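Let's practise asking how a label in structural biology is earned. Have a look at the sequence and structure shown here, and then we will go through some questions together.

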Amino acid sequence: MLQKGKKLYGIIHQRCPACHEGSIFEEAAYFDIKKMGKNHDACPACGQDYRIEPGFYWGALYIAYGFSVFVSLFIFLLFFLIFGLSLNASFFLLVIADLILAPFLYKLSKTLWLHLFVRYHHPSK
Ligand SMILES: [Zn+2]
């Protein structure tokens with residue numbers, strides 16, 4: 001059961017790692033390239049600074065890379081081995097799936113990276 005205070009709740013709902021109230025991203029949009037990845041400078045609810053240091057989110061690229069490789073392998077093996085599609089068809093579907101999933105993985109990796117470095121503080125404490 002996911003509830004506030006649990007790390008997974010904040011990551012899945014893309015909430016501030018410190019309070020699980022304020023949104024990390026300015027827009028909920030996934031497929032608007034200009035607005036998709038813009039995050040607030042600080043939490044709108046508690047003021048937690050999201051810009052921990054210059055270039056902080058470069059580290060999220062490592063997480064995004066790992067997710068992307070894992071998802072690509074999974075999708076390719078699913079279509080090639082399980083569904084028995086040809087190599088070219090499996091690869092084509094992999095590319096399509098990667099393009100569709102890229103915005104989700106990008107936001108997830110930024111959120112996860114921020115949650116790795118900021119701890120949750122219960123509002124009453
Ligand atoms: Zn907050």
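**How the labels are earned**

Q: What share of the 125 residues of the chain counts as buried, and what makes a residue buried?
A: Of the 125 residues, 17% count as buried. The label needs 20 or more other C-beta atoms within 10 Å of the residue's own; 12 or fewer makes a residue exposed, anything in between makes it partly exposed, and the C-beta atoms are placed from the backbone.

Q: How should the numbering and the model be read?
A: Residues are numbered from 1 along each chain as its sequence is written. This is a predicted model, in which local features need pLDDT of at least 70, side-chain atom pairs count only at pLDDT 80 or more, and totals for chains, interfaces and linings use all residues.

Q: How confident is the predictor, and where are the lowest and highest mean values among the elements?
A: pLDDT is the predictor's confidence in each residue, from 0 to 100. The chain averages 89, and 97% of the residues score at least 70. Helix α2 (residues 33-36) has the lowest mean, 78, while helix α3 (residues 60-82) has the highest, 94. Where pLDDT is low, the predicted coordinates should not be read in detail.

Q: Why is the chain pattern written with α, and how many helices are there?
A: There are four helices and zero strands, so the pattern along the sequence is α-α-α-α. Helices are DSSP runs of H or I with at least four residues, strands are runs of E with at least two, and the numbering starts from the N terminus.

Q: Why is His20 called buried?
A: His20 has 23 other C-beta atoms within 10 Å, and the label needs 20 or more, so His20 is buried. His20 lies in the loop between α1 and α2. Its phi is positive, about 60 degrees, although His20 is not a glycine. Most residues other than glycine have a negative phi.

Q: Why is Gln14 partly exposed?
A: Gln14 has 17 C-beta neighbours inside 10 Å, which falls between the two cut-offs, so it counts as partly exposed. Gln14 is also found in the loop between α1 and α2, and its phi is positive too, near 55 degrees.

Q: What makes Leu87 exposed?
A: Leu87 has 10 C-beta neighbours inside 10 Å, and 12 or fewer means exposed, so the label fits. Leu87 is in helix α4. Its C-alpha atom is 8.8 Å from that of Phe76, 11 residues apart along the chain.

Q: Why is Ser90 partly exposed, and which residues is Ser90 in contact with?
A: Ser90, in helix α4, has 18 C-beta neighbours inside 10 Å, a count between the cut-offs, so it is partly exposed. Two residues are in contact if their C-beta atoms, placed from the backbone, lie within 7 Å. Leaving aside neighbours within four places in sequence, Ser90 is in contact with Phe76, Phe79, Phe80 and Leu85.

Q: How do you know that α4 bends at Leu101?
A: The bend is the angle between axes fitted to the seven residues ending at a residue and the seven starting there. At Leu101 this angle is about 45 degrees, and a proline, Pro103, follows within four residues.

Q: Which residues of α4 are buried, and what covers them?
A: The buried residues of α4 are Leu94, Lys107, Ser109, Lys110, Thr111, Trp113, Leu114 and His115. Their cover includes α1 (7-12) and α3.

Q: What makes the span of α3 close to the expected one?
A: The expected span is 1.5 Å times one less than the number of residues. For the 23 residues of α3 that gives 33 Å, and α3 reaches 32 Å from its first C-alpha to its last. Gly84, which follows α3, has a positive phi near 70 degrees.

Q: What makes a set of residues a nonpolar core, and which residues form the largest one?
A: A nonpolar core is a set of buried Ala, Val, Leu, Ile, Met, Phe, Trp, Tyr and Cys residues joined through C-beta atoms within 7 Å. The largest has nine residues: Cys16, Ala18, Cys19, Ile24, Cys43, Tyr50, Ala60, Trp113 and Leu114. Tyr50 has contacts beyond four places in sequence that include Ile24, Cys43 and Leu114.
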